[in-house]
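Subject: Structure handover

Hello,

Here is the structure I promised to pass on. Please open it and keep it beside this email while you read.

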Amino acid sequence: MKKTITALSLVAALFTASTIPAASALPAAPELPAACAGLVTDFAAKLKKAVGSLVPVPNVEAVKPLIGDLLGLVTAMQNAGCLPTPPVSAPGVPLPARAAEYTGPADQCLPVVLNLISAIAGLGGTVLGAAGGPPDVGKITAMLTLVLDTAKDLLGKCGLPAPPGGLPALPGLPVQNS
């Protein structure tokens, strides 16, 4: 009887040792849709134009359409399956058509997506608020820095490819390559 218990313990130990490494191995990162690289490149190009339009002297009229373009590109990345979309709780609301569903790390990525949308909207509010008078360069620079930092987080936490040349940086700040 003692030999049977020892043998069963040994079998259980071998089974556990052989299954734990397989169970704890990280799954392979899902492959992103082909459209993601192009959308990230477009997003970086629009960011570069926004930086050029706002620093060192803000050109409010030049950056207004870029705010909508940046938000549109985030939506395009969500529809292409490059980024997760926030869950919707309203029943009966038709969801926009998606080419693919996001399959990456939503727990890490979704908060960054929401932060990026908020940062772009905040930059837009700051820029549009400046339309009636002289723009607040310090506030615009702070909001633009937040957008750039969040975009860098987006690349890292959502597994998006870095655009050619990396993300733009504000003059006088370190270059933000991922």
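How are helix 4 and helix 5 oriented to each other, roughly parallel or roughly antiparallel? Start with the angle. The axes of helix 4 (residues 106–129) and helix 5 (residues 137–158) cross at roughly 160°. Angles over 145 degrees count as roughly antiparallel. Helix 4 and helix 5 are therefore roughly antiparallel to each other. Their axes come within 9 Å. The crossing of helix 4 past helix 5 is left-handed.

One caution before going on: this is a predicted model.

**The whole chain**

The protein chain has five helices and zero strands. Its pattern along the sequence is α-α-α-α-α. There are 178 residues, and 31% of them are buried. Now take the contacts between residues with a separation of 6 or more. Of these, 66% join residues 24 or more positions apart. The chain exposes about 10200 Å². Carbon and sulfur atoms supply 66% of that area.

**Helix 4 against helix 5**

Who makes this contact? On the helix 4 side, the residues include C109, V112, V113, L116, A119, I120, L123 and T126. On the helix 5 side, they include K139, I140, M143, L144, V147, A151 and L154. By class, the contact has 15 nonpolar, five polar and three charged residues.

T126 is a good residue to click on here. It is found in helix 4. Its relative accessibility is 13%, so T126 counts as buried. Leaving out residues up to four places away in sequence, T126 touches K139, I140 and M143. K139, I140 and M143 are also among the helix 5 residues in the contact with helix 4.

**Helix 2 against helix 5**

Helix 5 has a second partner to look at. Helix 2 (residues 35–54) packs with helix 5 at an angle of about 165°. The two axes are 11 Å apart. That angle makes helix 2 roughly antiparallel to helix 5. Helix 2 passes helix 5 in a left-handed crossing.

From helix 2, the contact uses V40, F43, L47, A50, V51 and L54. From helix 5, it uses I140, L144, V147, L148, A151 and L155. What classes of residue are found in the contact of helix 2 with helix 5? There are 12 nonpolar residues, no polar ones and no charged ones.

**Two leucines to follow**

L144 lies in helix 5. Is it buried or exposed? L144 has a relative accessible area of 0%, so it is buried. Not counting residues up to four places away in sequence, L144 touches A50, V51, L54, V55, L123 and L170. L144 appears in the contact with helix 4 and also in the contact with helix 2. L144 and G122 are 22 residues apart in sequence, and their C-alpha atoms are 9.1 Å apart in space.

L54 sits in helix 2. Its relative accessibility is 1%, so L54 counts as buried. With the same sequence neighbours left out, L54 touches N59, V63, L123, V127, I140 and L144. How many residues apart in sequence are L54 and I140? They are 86 residues apart, yet 7.5 Å apart in space, C-alpha to C-alpha.

To trace this yourself, select L54, then L144, which L54 touches. From L144, go on to L123, one of the residues L144 touches.

Best wishes

Notes: Residues numbered from 1 in each chain as written. Predicted model: local features only at pLDDT ≥ 70, side-chain atom pairs only at ≥ 80, totals over all residues. Heavy atoms only, no water. Helix = DSSP H or I, 4+ residues; strand = E, 2+ residues; numbered from the N terminus. Buried < 20%, exposed > 50% of the residue type's maximum accessible area, 1.4 Å probe, protein only. Contact = heavy atoms within 4.5 Å. Areas by Shrake-Rupley, 256 points an atom, 1.4 Å probe, with all protein chains shown as cover. Axes fitted to C-alpha atoms, helices over the stretch in contact; angles between N-to-C directions. Parallel < 35°, antiparallel > 145°, perpendicular 65-115°, else oblique. Left-handed = near helix turned anticlockwise from the far one by under 90°. Nonpolar A, V, L, I, M, F, W, Y, C, P; charged D, E, K, R; others polar.
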